[in-house]
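This report goes through one chain, from its salt bridges to its domains, sheet and backbone.

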Amino acid sequence: MAPWGKRLAGVSGVLLDISGVLCDSGAGGGTAIAGSVEAVARLKRSRLKVRFCTNESQKSQAELVGQLRRLGFDISEGEVTAPAPAACQILKERGLRPYLLIHDGVRSEFDQIDTSNPNCVVIADAGESFSYQNMNNAFQVLMELENPVLISLGKGRYYKETSGLMLDVGPYMKALEYACGIKAEVVGKPSPEFFKSALQAIGVEAHQLLSV
């Protein structure tokens, strides 16, 4: 048996990251990493169940899938686990009204969420919206709450675009944690609950999984 075959022994499903694994973000929709389109196609022809997991928080799920399809990937929205829909579910379940410190590209995911009189903050990779004023607004909301809640769509330090390395949400999340003396609730990688939801979607146990 080939080494790759040995590694797949007992494996029933694969979780695939997107940014930096399948493609690099950048102008014009980014670029597919060499061999990744073919690798995904081969996995989908196999007996393995495939799920795509991402901390992408600058694009809606529909926009992200559209971009990947334009790059040649066989993928649908129903195959993706992303943090924004998961965060919306948490907000609804807990009756939370967020101050949104997010990128305009993902704002549509929160269209059905009440943002009046905020009682929490949701932070994501906001890009140019990480201004002093917006960070200070988030800080003020949290400091005025008796039980402040900070929800972060991931906690990555940086990521790669075709133009170079870019700061991710993690450093900004840590700044609010430090300033407010609180701990953020992370929705997205590496949160165990995020991976559990992806596993549930494909009906695979953790010990049957290969994560890439």
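How many salt bridges does the count come to by this rule? The count comes to nine salt bridges. The model is a predicted one.

## Salt bridges

One of the pairs is formed by Lys44 and Asp74, whose side chains meet with an N to O distance of 3.9 Å. This pair links distant parts of the chain, 30 residues apart. Lys44 belongs to helix α2 (residues 36-45), whereas Asp74 sits in the loop between α3 (61-70) and β5 (80-81).

A salt bridge also joins the side chains of Lys160 and Asp24, at 4.0 Å from N to O. Residue 24 falls within the 15-39 segment of domain 1, and residue 160 within domain 2 (83-187). The count between the two domains is one salt bridge.

## Domains and their interface

The domain assignment divides the chain into domain 1, made of 15-39, 49-82 and 191-203, and domain 2, made of 83-187. Taken over C-alpha atoms, the centres of domain 1 and domain 2 are 21 Å apart. Their contact takes 17 residues from domain 1 and 20 residues from domain 2.

Between them, domain 1 and domain 2 bury about 1,400 Å², with 51% of this area on carbon and sulfur atoms. Five residue pairs are in polar contact across the interface, both residues of each pair being at pLDDT 80 or more. The side of domain 1 that touches domain 2 consists of three nonpolar, 10 polar and four charged residues.

## The four-stranded sheet

Four strands make up an open sheet with the order β6-β7-β8-β11 and parallel pairing. β6 (98-101) and β11 (185-186) stand at the edges; each has a single partner strand, so one side of each is left without a neighbour in the sheet. Strands of a sheet pair through backbone hydrogen bonds, either parallel or antiparallel.

The partner strand of β6 is β7 (residues 120-123), which runs parallel to β6 and is joined to β6 by four bridges. Within this pairing, Leu101 stands opposite Ile123 in β7.

## Backbone exceptions

Most residues other than glycine have a negative phi, and most peptide bonds are trans. Asn117 has a positive phi, near 45°. Asn117 is placed in the loop between β6 and β7.

Which form does the peptide bond from Lys189 to Pro190 take, cis or trans? The bond is cis, with omega near 5°. Pro190 lies in the loop that runs between β11 and α7 (192-202).

Terms used
Residues numbered from 1 in each chain as written. Predicted model: local features only at pLDDT ≥ 70, side-chain atom pairs only at ≥ 80, totals over all residues. Heavy atoms only, no water. Domains from an automatic or database assignment. Contact = heavy atoms within 4.5 Å. Buried area = accessible area lost by both parts, 1.4 Å probe. Polar contact = N/O pair within 3.5 Å; in protein donor to acceptor, adjacent residues only side chain to side chain. Nonpolar A, V, L, I, M, F, W, Y, C, P; charged D, E, K, R; others polar. Pairing = 2+ DSSP bridges. Helix = DSSP H or I, 4+ residues; strand = E, 2+ residues; numbered from the N terminus.
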